[in-house]
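Trainee: I would like a close look at a single part of this model. Please take one sheet and go through it slowly.

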There are 2 protein chains.
Amino acid sequence: MADRIVRVNMKTLAIKEEPLPAKWAAFGGRAMTSAIVSEEVPPTCSPLGPDNKLVFAPGLLGGSSAPISGRISVGAKSPLTGTIKESNAGGQAAQIMARLGIRALVIEDKPEDASKLYTMELRKGSVKLVECPELKGLGNYDTVAKLIAKYGDKKVGYVSIGMAGEWGLTAASIACTDRELRPTRHAGRGGLGAVMGSKGIKAIFCDDSEVSMREPANKDAFRDASRKFAKALKEHPVTGEGLPTYGTNVLQNIMNEAGGLPTRNFREGQWSGASKISGEVQHDTILARGGEGKIAHGCHAGCVIQCSRIWVDKDGHYKTKGPEYETIWAHGTNCCIDDLDAIAEMDRLDDDIGLDTIEMGAAIGVAMEGGLAKFGDAAAAINLLKEVQKGTPLGRILGCGTDTMARCFGVSHVPTVKGQAMPAYDPRAVQGIGVTYATTTMGADHTAGYAIATNILKVGGYVDPLKAEGQVDLSRNLQIATAAVDSTGLCLFVAFAVLDKPEAFEAVYEMINGFYGLSLGANDVVELGKAVLTMEKKFNNAAGFTNAHDRLPDWMSTEKLSPHNTVFMVPDAELDQVFNFVT
Amino acid sequence: MADRIVRVNMKTLAIKEEPLPAKWAAFGGRAMTSAIVSEEVPPTCSPLGPDNKLVFAPGLLGGSSAPISGRISVGAKSPLTGTIKESNAGGQAAQIMARLGIRALVIEDKPEDASKLYTMELRKGSVKLVECPELKGLGNYDTVAKLIAKYGDKKVGYVSIGMAGEWGLTAASIACTDRELRPTRHAGRGGLGAVMGSKGIKAIFCDDSEVSMREPANKDAFRDASRKFAKALKEHPVTGEGLPTYGTNVLQNIMNEAGGLPTRNFREGQWSGASKISGEVQHDTILARGGEGKIAHGCHAGCVIQCSRIWVDKDGHYKTKGPEYETIWAHGTNCCIDDLDAIAEMDRLDDDIGLDTIEMGAAIGVAMEGGLAKFGDAAAAINLLKEVQKGTPLGRILGCGTDTMARCFGVSHVPTVKGQAMPAYDPRAVQGIGVTYATTTMGADHTAGYAIATNILKVGGYVDPLKAEGQVDLSRNLQIATAAVDSTGLCLFVAFAVLDKPEAFEAVYEMINGFYGLSLGANDVVELGKAVLTMEKKFNNAAGFTNAHDRLPDWMSTEKLSPHNTVFMVPDAELDQVFNFVT
């Protein structure tokens, strides 16, 4: 099936298919979503109004047999940050959309009758909208159960929103089902679930039954590059050993030792309770409980890292995915909750309601700072999330994220940039990640330029995390590389190998070359990254963002973080040099 | 007593008095607050953090016998809009502060123990802070009653915040007592009450007992100019007749006839219920109920317009001030509530809790749009305000204003600019006020450049309200003139006479010349206005505001307003010319 752009107008319900324009031939994932949003969405429009567009795009290698290439990019103007936004997730949707030939699914305008709710059906050669009043107000688990009852559980994938997205809450996520058809892989950041809700789309059914793997233009070259890539991933200690064994939460102890683990709403950088919720303890607990018979798990087919997990309760029954490091930090460390089962309960609630776990943990931390609950009180934290589920005013405040919680409860110690909560790394102890939080086009986001790699894990060299020197160059290079990786459909974790092993980096463009019959080189990857960031930056500028927004909260420059007793030290003038390649 | 700047540091409790710097000798009111905020507050700081400063400044003519010169300016970085903010009010505080020689009262930093609450005592030759735990959580009426019990009711004035300010709600106002010592005159816009609350100041006691009227440098010149000014105000039909007879709510019928009366959350421009809550009906009702023996009332001593009223209940007992036009529009028209007693109940609640009435009415309109209550349901609207009084989560959402209400309830039809609600004039039917809303340094604000005068009342010439032509020049000139008037302490309503009568304009600078022994001319007034706006604009630019923020909500360019069926038509490129004098 020829690759194409599918456009769905939610006001007229018209569905239009366009051949892929030549200018976007080498765009996928984030490059595709950011190109369409920056070209077609008025930068100053209301994010939940008719002029915003919600774009889904598999990566360039999506739907192929390239290792770990099944991330899906979702883009729009964010109702949380007001910036352009790309949030990507695992799950099965990208592979299926790609095999259906859908390089981008663009959802436009909104229903005049806001009570209408639709499921979109994507099958080979057909795109359909059907009303689904029976799904109204359901969480993601119930939604998927009803979808499975209707569409089956073989060779399918589901994308859906929970009640948070229906209600337009600005921390709402978009859920993609994993290989077990559980709605656990979320495009979490930036409130894209609210945009989907504003368009009246409750779910997308992706039918994988009549399509097959996408075929490369040059089979041999593609196969060779794929093998070289998989081998490099296996050989690197982070992707070949650390992540498969302990999952992303291997970072809990590492960040605690580094003194950069934000504790008690970013008041301290180390916590005595961290060891109780570490990746090692998580690993041992899953094994002791029997799990579902395994530790390592892939969030989508074709994953060769397998850092995902399944969390089971004390009786060995499925509870939720293994909460990721950022979730365990957000709901645990940041709120001083040292109970993995309580954290798993919150992870399940977030996934079901359709909420970004990072934003929720940060917002609950601010709520605790504001006196709504005590730090460490797991039951109170769980009850706060249940308020969102019920749609109470308090729940709506929480569901709108950290800044809204802070505003409503008069808290000024707020760990956000551009309205989005900081993830699990304190910039005062890891200056490089502070540069990324401050300057990325996305609002505070660790994945946009993961300086932890070089500041803490000594991957891709080493830059002292406690000094200002070198952080701007580090963050810039990582942001450029990330924007390119996010366009391929590859999981960002490939970056550990790519940064350290020249053959891994080569394999990335060799896979693309083999697949599309192109002859890209290293420099083309860098240029792609720069092109993506340039589009995003220009959109944000036109939306009213300036250097003044590329700043951490003021208190991070004055309030010292223990144990290093450092503040964020990178000067404003240097921050303004991160995007020096945008003209 | 020599004029000076009083600085109070709320962290150290140190009080410092400085001679008035020469550079600020001809600054008062808004010029003074905006100069101090723009020089001393980091533009990107957190508005409720320690780096913000709250500045009170009487106008240049404050404390003198100049007619209607007792407005007080309050300035800070706004927690509602993130912009610089000047909000001014009547009441007695300005006159007393001016007579005490306080040209600016600057409240800096914040207590480390956020539970501390202070009353500031301003007496001749002394400034003191005393803790006042007994006032914690009280509304403005109870606060003032306790202050009167302590400090008396003769030759005093009180400034205070209600619970909204204590809790940091971003629509919190600062109340000043009127001549009857009722907390009815509010610096309402921009959430400055929350800044006062963040500083731990509950109230300011202003002692008028040992000071006398400020004496002019040139008595004869000052007296002559004052008489000339008073005469011009008496002779102008708006200030001499319309406002004294019917109060500001004389505009209800006028705006309804003009088709620019925002109804049902800015869905229509005319309303059948308007005539039931008009200024004429308000006038007749007060007379029929006996009032307190009068219709016309001055919001501060020395007022010669007397547009303020006293509202009494059906039994003739004091209820609240006569709600102003903007309040009657916000709580009435905008929510389709046609009951003056219900509106008065809401006005009283706003004044007591310490909330901006415009922001509350607009936020309730959005709540009604979001399904929280039915349009027209007065009891539901009153109950919403009582939620703020109780500090419930819903109340906190409302108390944070229109944008927060919209965010929490997923409403995208939101009448705000830079986070502040539009007042009682629809830009689609009065294009000039749209230019002011979009471009003023303050967020949507009618007082910043009151184009209604020329678009509707045909004061200062006439510019067709339904055309784009001429609106940018009109708004620019009005914004410049307003910034100057706001610096004098004169009530903005003098502008009606000043715009129409050359001798009224002359009298303004002649009064200043007579009082200070200066020789300013017409051009100096314009230059003062430009200087004030330039400081404000530069602060906002440094805080991250750009042309992209100088826009009305996108739906105002597409959704036609009945009865004229017009949209907002002034092109973006023209809006960007309003501040063409800022270099």
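In what order do the six strands of the open sheet in chain B lie, and what is the sense of their pairing?

Mentor: This is a predicted model, and the description should be read with that in mind. The open sheet in chain B has six strands, ordered β2-β1-β6-β3-β4-β5, and its pairing is mixed. At the edges are β2 (15–19) and β5 (84–89) of chain B, each of which pairs on one side only. Averaged over the sheet and with direction ignored, neighbouring strands are turned by 20 degrees against each other.

Take the β2 end next. Strand β1 of chain B, residues 4–9, pairs with β2(B) in the antiparallel sense, over five bridges. Within this stretch, B:Arg7 stands opposite B:Lys16, a residue of β2(B).

A helix also belongs in the picture. Helix α1 of chain B (residues 29–40) lies across four strands of chain B: β3 (54–58), β4 (72–77), β5 and β6 (102–108). Its direction is about 20 degrees from that of β4(B).

For the setting beyond the sheet, consider the core and the contact between chains. The largest nonpolar core has 385 residues, and A:Met97 and B:Met97 touch the most other members. The contact between chains takes 35 residues from chain B and 32 residues from chain A. On the side of chain B that touches chain A, the elements giving two or more residues are α5 (192–198), α14 (393–399), α15 (402–408) and α21 (522–543) of chain B. The largest share there, four residues, comes from α14(B). By class, that side of chain B has 17 nonpolar, 13 polar and five charged residues.

Technical notes
Residues numbered from 1 in each chain as written. Chains lettered and ligands numbered in written order. Predicted model: local features only at pLDDT ≥ 70, side-chain atom pairs only at ≥ 80, totals over all residues. Pairing = 2+ DSSP bridges. Axes fitted to C-alpha atoms, helices over the stretch in contact; angles between N-to-C directions. Contact = placed C-beta atoms within 7 Å. Core = buried A, V, L, I, M, F, W, Y, C linked by C-beta atoms within 7 Å. Buried ≥ 20, exposed ≤ 12 C-beta atoms within 10 Å, placed from the backbone. Nonpolar A, V, L, I, M, F, W, Y, C, P; charged D, E, K, R; others polar.
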